[in-house]
Amino acid sequence: MTADDQKKAAAAAALEFVQAGNKVGLGTGSTANHFITALAEKARGGFDVECVATSRASFQLASGLGLRMTTLEKQSHLDVTVDGTDEFDGNFQLIKGGGGALLVEKIVATSSRYMVVIADQSKKVDALGKFPLAVEVVPFGVNATAWKIDRALRICDLKGKLQLRLMDGKPFVTDSGNAIIDITIGHIPEPRRLDNLLKSIPGVVDHGLFIDICGIVLMGTDDGVKTFRKG
Ligand code: 5RP
(Lines give C-alpha, C1' and ligand atoms only; values in the text may rest on other atoms or scores of the structure.)
Protein backbone atom coordinates (compact mmCIF):
# COMPACT_ATOMS: atom_id res chain seq x y z
CA MET A 1 0.00 0.00 0.00
CA THR A 2 1.39 3.43 -0.87
CA ALA A 3 1.23 6.38 1.51
CA ASP A 4 -1.43 7.85 -0.74
CA ASP A 5 -3.53 4.65 -0.48
CA GLN A 6 -3.26 4.93 3.31
CA LYS A 7 -4.36 8.58 3.17
CA LYS A 8 -7.33 7.63 0.99
CA ALA A 9 -8.37 4.81 3.35
CA ALA A 10 -8.16 7.12 6.40
CA ALA A 11 -10.19 9.75 4.53
CA ALA A 12 -12.90 7.22 3.67
CA ALA A 13 -13.04 6.06 7.31
CA ALA A 14 -13.57 9.67 8.45
CA LEU A 15 -16.97 9.74 6.70
CA GLU A 16 -18.28 7.72 9.68
CA PHE A 17 -17.66 10.75 11.88
CA VAL A 18 -19.91 13.03 9.85
CA GLN A 19 -23.69 13.00 10.38
CA ALA A 20 -26.32 14.25 7.91
CA GLY A 21 -27.03 17.91 8.58
CA ASN A 22 -23.57 18.53 10.09
CA LYS A 23 -21.49 21.63 9.57
CA VAL A 24 -18.09 20.30 8.57
CA GLY A 25 -14.65 21.90 8.53
CA LEU A 26 -12.58 20.80 5.54
CA GLY A 27 -8.81 20.64 5.96
CA THR A 28 -6.06 21.39 3.48
CA GLY A 29 -3.55 19.11 1.77
CA SER A 30 -3.50 15.84 -0.13
CA THR A 31 -5.13 13.78 2.66
CA ALA A 32 -7.86 16.38 3.22
CA ASN A 33 -8.44 16.43 -0.55
CA HIS A 34 -9.25 12.71 -0.44
CA PHE A 35 -11.78 13.42 2.32
CA ILE A 36 -13.35 16.32 0.40
CA THR A 37 -13.71 14.10 -2.67
CA ALA A 38 -15.27 11.25 -0.65
CA LEU A 39 -17.64 13.61 1.18
CA ALA A 40 -18.73 15.23 -2.09
CA GLU A 41 -19.50 11.81 -3.53
CA LYS A 42 -21.64 10.97 -0.49
CA ALA A 43 -23.37 14.38 -0.70
CA ARG A 44 -24.28 13.73 -4.34
CA GLY A 45 -26.22 10.71 -3.06
CA GLY A 46 -28.39 13.01 -0.92
CA PHE A 47 -26.30 13.28 2.27
CA ASP A 48 -26.71 16.94 3.19
CA VAL A 49 -23.84 18.78 4.89
CA GLU A 50 -22.60 22.36 4.94
CA CYS A 51 -18.86 22.95 4.80
CA VAL A 52 -16.26 25.54 5.75
CA ALA A 53 -12.95 25.32 3.90
CA THR A 54 -9.58 26.03 5.51
CA SER A 55 -7.95 27.38 2.33
CA ARG A 56 -8.74 28.76 -1.08
CA ALA A 57 -7.52 25.48 -2.58
CA SER A 58 -9.90 23.41 -0.44
CA PHE A 59 -12.75 25.83 -1.15
CA GLN A 60 -12.19 25.49 -4.89
CA LEU A 61 -12.06 21.71 -4.74
CA ALA A 62 -15.11 21.38 -2.46
CA SER A 63 -17.33 23.90 -4.22
CA GLY A 64 -16.25 22.57 -7.61
CA LEU A 65 -17.40 19.10 -6.53
CA GLY A 66 -20.77 20.55 -5.52
CA LEU A 67 -20.45 20.62 -1.71
CA ARG A 68 -22.61 23.26 -0.05
CA MET A 69 -20.29 25.87 1.44
CA THR A 70 -20.67 28.29 4.33
CA THR A 71 -18.25 30.45 6.34
CA LEU A 72 -17.34 31.25 9.92
CA GLU A 73 -18.66 34.75 9.22
CA LYS A 74 -22.12 33.13 9.01
CA GLN A 75 -21.59 30.31 11.55
CA SER A 76 -19.98 30.43 14.95
CA HIS A 77 -19.69 26.66 15.49
CA LEU A 78 -19.09 23.57 13.42
CA ASP A 79 -19.81 19.95 14.29
CA VAL A 80 -16.59 18.35 13.12
CA THR A 81 -13.41 19.20 11.25
CA VAL A 82 -11.51 16.58 9.27
CA ASP A 83 -7.93 17.51 8.38
CA GLY A 84 -4.53 16.01 7.65
CA THR A 85 -1.35 16.57 9.63
CA ASP A 86 2.40 16.64 9.19
CA GLU A 87 3.03 14.86 12.50
CA PHE A 88 1.05 13.51 15.45
CA ASP A 89 2.38 12.12 18.72
CA GLY A 90 0.99 9.77 21.36
CA ASN A 91 -0.64 12.71 23.21
CA PHE A 92 -2.64 13.78 20.14
CA GLN A 93 -0.47 16.88 19.69
CA LEU A 94 0.19 17.86 16.10
CA ILE A 95 2.51 19.74 13.83
CA LYS A 96 0.59 21.17 10.90
CA GLY A 97 1.26 23.89 8.37
CA GLY A 98 3.24 22.14 5.65
CA GLY A 99 0.71 23.54 3.20
CA GLY A 100 0.75 26.98 4.81
CA ALA A 101 -2.91 26.93 5.93
CA LEU A 102 -2.22 26.54 9.66
CA LEU A 103 -3.91 29.75 10.86
CA VAL A 104 -7.27 29.09 9.22
CA GLU A 105 -6.96 25.36 9.98
CA LYS A 106 -6.58 26.19 13.67
CA ILE A 107 -9.50 28.65 13.66
CA VAL A 108 -11.73 26.09 11.95
CA ALA A 109 -10.63 23.11 14.09
CA THR A 110 -11.11 25.02 17.36
CA SER A 111 -14.57 26.12 16.22
CA SER A 112 -15.60 22.48 15.88
CA ARG A 113 -16.97 20.13 18.53
CA TYR A 114 -14.14 17.80 17.60
CA MET A 115 -11.28 17.46 15.17
CA VAL A 116 -10.61 14.22 13.35
CA VAL A 117 -7.12 13.90 11.92
CA ILE A 118 -6.54 11.62 8.96
CA ALA A 119 -3.05 10.43 8.14
CA ASP A 120 -0.82 7.82 6.61
CA GLN A 121 1.41 5.95 9.05
CA SER A 122 4.51 8.06 8.31
CA LYS A 123 2.90 10.91 10.27
CA LYS A 124 3.04 9.09 13.64
CA VAL A 125 6.08 10.17 15.68
CA ASP A 126 7.43 9.52 19.16
CA ALA A 127 8.21 13.21 19.65
CA LEU A 128 7.18 16.19 17.55
CA GLY A 129 9.76 18.23 15.69
CA LYS A 130 11.28 16.32 12.81
CA PHE A 131 8.95 18.18 10.47
CA PRO A 132 9.80 21.91 10.32
CA LEU A 133 7.52 24.01 12.50
CA ALA A 134 5.73 26.70 10.47
CA VAL A 135 5.27 30.06 12.19
CA GLU A 136 2.92 32.49 10.47
CA VAL A 137 4.16 36.06 10.93
CA VAL A 138 3.04 39.53 9.90
CA PRO A 139 5.34 40.67 7.06
CA PHE A 140 6.14 43.93 8.88
CA GLY A 141 9.31 43.56 10.92
CA VAL A 142 9.91 39.98 9.87
CA ASN A 143 13.61 40.05 10.88
CA ALA A 144 12.82 41.45 14.32
CA THR A 145 10.13 38.79 14.79
CA ALA A 146 12.55 36.07 13.66
CA TRP A 147 15.05 37.23 16.32
CA LYS A 148 12.34 36.93 19.00
CA ILE A 149 11.40 33.47 17.76
CA ASP A 150 15.04 32.43 18.02
CA ARG A 151 15.15 33.79 21.58
CA ALA A 152 12.01 31.78 22.46
CA LEU A 153 13.73 28.64 21.18
CA ARG A 154 16.77 29.33 23.33
CA ILE A 155 14.55 29.84 26.40
CA CYS A 156 13.21 26.31 25.71
CA ASP A 157 16.81 25.01 25.35
CA LEU A 158 16.19 24.37 21.67
CA LYS A 159 18.33 25.14 18.66
CA GLY A 160 16.48 25.78 15.44
CA LYS A 161 17.31 26.85 11.92
CA LEU A 162 14.90 29.57 10.83
CA GLN A 163 14.06 29.99 7.17
CA LEU A 164 11.63 32.33 5.48
CA ARG A 165 9.38 30.13 3.33
CA LEU A 166 9.76 30.91 -0.37
CA MET A 167 7.65 30.03 -3.38
CA ASP A 168 9.04 30.55 -6.88
CA GLY A 169 11.91 32.51 -5.32
CA LYS A 170 9.59 34.98 -3.56
CA PRO A 171 8.32 35.03 0.04
CA PHE A 172 5.36 32.65 0.38
CA VAL A 173 2.14 34.52 1.16
CA THR A 174 -0.58 32.77 3.16
CA ASP A 175 -4.28 33.10 2.34
CA SER A 176 -4.39 35.72 5.13
CA GLY A 177 -1.57 37.77 3.55
CA ASN A 178 1.17 36.77 6.01
CA ALA A 179 4.64 35.24 5.70
CA ILE A 180 5.84 31.92 7.10
CA ILE A 181 9.07 31.20 8.93
CA ASP A 182 9.87 27.47 8.99
CA ILE A 183 11.94 26.30 11.95
CA THR A 184 13.92 23.08 11.70
CA ILE A 185 14.26 21.90 15.29
CA GLY A 186 14.48 18.13 15.19
CA HIS A 187 12.89 17.40 18.55
CA ILE A 188 10.39 19.42 20.66
CA PRO A 189 10.32 17.85 24.14
CA GLU A 190 7.93 20.48 25.60
CA PRO A 191 5.52 21.52 22.81
CA ARG A 192 3.14 23.24 25.24
CA ARG A 193 5.89 25.55 26.53
CA LEU A 194 7.01 26.46 23.02
CA ASP A 195 3.37 27.05 22.03
CA ASN A 196 2.95 29.60 24.85
CA LEU A 197 6.24 31.36 24.17
CA LEU A 198 5.65 31.68 20.43
CA LYS A 199 2.12 32.97 20.96
CA SER A 200 3.44 35.75 23.21
CA ILE A 201 5.62 37.28 20.46
CA PRO A 202 4.18 40.38 18.77
CA GLY A 203 4.21 39.72 15.03
CA VAL A 204 3.57 35.99 15.40
CA VAL A 205 0.04 35.36 14.16
CA ASP A 206 0.04 31.63 14.91
CA HIS A 207 2.13 28.52 14.50
CA GLY A 208 1.77 24.90 13.49
CA LEU A 209 1.72 23.30 16.95
CA PHE A 210 -1.86 22.09 17.56
CA ILE A 211 -1.98 21.49 21.31
CA ASP A 212 -5.05 19.77 22.81
CA ILE A 213 -7.15 20.35 19.69
CA CYS A 214 -7.33 16.91 18.11
CA GLY A 215 -9.28 14.11 19.80
CA ILE A 216 -9.33 11.38 17.15
CA VAL A 217 -6.70 10.17 14.68
CA LEU A 218 -7.47 7.77 11.85
CA MET A 219 -4.24 6.34 10.52
CA GLY A 220 -4.09 4.31 7.34
CA THR A 221 -1.78 1.30 7.53
CA ASP A 222 -1.12 -1.77 5.40
CA ASP A 223 -3.40 -3.67 7.81
CA GLY A 224 -6.32 -1.25 7.62
CA VAL A 225 -7.22 2.01 9.32
CA LYS A 226 -6.26 2.32 12.99
CA THR A 227 -8.38 4.58 15.21
CA PHE A 228 -6.77 6.44 18.11
CA ARG A 229 -9.13 8.20 20.54
CA LYS A 230 -8.11 10.55 23.30
CA GLY A 231 -9.20 9.72 26.82
C1 5RP B 1 -1.60 22.11 5.53
C2 5RP B 1 -1.47 21.00 6.49
C3 5RP B 1 -1.64 19.61 5.97
O4 5RP B 1 -2.68 19.01 6.67
C5 5RP B 1 -0.37 18.84 6.17
O6 5RP B 1 0.68 19.53 5.52
C7 5RP B 1 -0.49 17.42 5.63
O8 5RP B 1 -0.50 17.44 4.24
P9 5RP B 1 -0.75 16.12 3.39
O10 5RP B 1 -2.11 15.64 3.73
O11 5RP B 1 -0.61 16.60 1.97
O12 5RP B 1 0.31 15.12 3.78
O13 5RP B 1 -1.23 21.17 7.66
O14 5RP B 1 -1.31 23.35 6.15
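Here are three short exercises with worked solutions on the ligand site and pockets of this predicted model.

**Exercise 1. Find out which residues surround the ligand and which polar contacts they make with it.**

Step 1: Start with the neighbours. The ligand has 17 residues around it, and the nearest are Ser30, Thr31, Asp86, Lys96 and Lys123.

Step 2: Sort that shell by class. You get one nonpolar, ten polar and six charged residues.

Step 3: Look for polar contacts, using the cut-off of 3.5 Å between N or O atoms. Lysine 123 puts a polar side-chain atom 2.7 Å from an oxygen atom of the ligand, so that pair counts as a polar contact. For glutamate 105, a polar side-chain atom sits 3.2 Å from a ligand oxygen. Glycine 97 joins in through its backbone: one of its N or O atoms is 2.9 Å from an oxygen atom of the ligand.

Step 4: Check how much of the ligand is covered. On its own, the ligand has 380 Å² of accessible area, and the protein covers 90% of that.

**Exercise 2. Work out which pocket holds the ligand and describe its lining.**

Step 1: Place the ligand. It's in the second largest pocket.

Step 2: Get the volume. The second largest pocket holds about 170 Å³ of space.

Step 3: Walk around the lining. There are 17 lining residues in the second largest pocket, with Thr28, Gly29, Thr85, Asp86 and Gly99 closest to the centre. Asp86 is also one of the residues that come nearest to the ligand.

Step 4: Ask which element gives the largest share of this lining. That's helix 2 (residues 30-44), with three residues.

Step 5: Split the lining by class. The second largest pocket has two nonpolar, ten polar and five charged residues in its lining.

**Exercise 3. Now describe the largest pocket in the same way.**

Step 1: Volume again. The largest pocket comes in at about 300 Å³.

Step 2: List the residues by the centre. Ala53, Thr54, Ser55, Arg56 and Val104 lie nearest the centre, out of 15 that line the largest pocket.

Step 3: Trace the lining back to secondary structure. Strand 2 (50-53), helix 3 (56-64) and helix 4 (102-109) each give at least two residues to the lining of the largest pocket. Helix 4 has the largest share, three residues.

Step 4: Finish with the classes. For the largest pocket, the lining residues come out as seven nonpolar, five polar and three charged. Set that beside the second largest pocket, with its two nonpolar, ten polar and five charged residues.

Definitions and conventions: Residues are numbered from 1 along each chain as its sequence is written. This is a predicted model: local features need pLDDT of at least 70, side-chain atom pairs count only at pLDDT 80 or more; totals for chains, interfaces and linings use all residues. Side-chain values use heavy atoms; hydrogens and water are left out. A residue is near a molecule or strand if one of its heavy atoms lies within 4 Å of it. A polar contact is a pair of N or O atoms within 3.5 Å; within protein, one must be able to donate a hydrogen and the other to accept it, and residues adjacent in sequence count only if both atoms are side-chain atoms. Accessible areas come from the Shrake-Rupley method with a 1.4 Å probe; for residues, only the protein chains shown count as cover. On a 1 Å grid over the protein atoms alone, a cavity is a set of points where a 1.4 Å probe fits but cannot get out, and a pocket is an open set with protein on both sides within 12 Å along at least five of seven lines; lining residues have an atom within 4 Å of a point. A molecule sits in a cavity or pocket if more than half of its atoms lie within 2 Å of its grid points. Ala, Val, Leu, Ile, Met, Phe, Trp, Tyr, Cys and Pro count as nonpolar, Asp, Glu, Lys and Arg as charged, and the others, Gly among them, as polar. Grid points are joined across faces, edges and corners, and a volume is the space filled by probe spheres set on the points. Helices (H or I, at least four residues) and strands (E, at least two) are DSSP runs, numbered from the N terminus.
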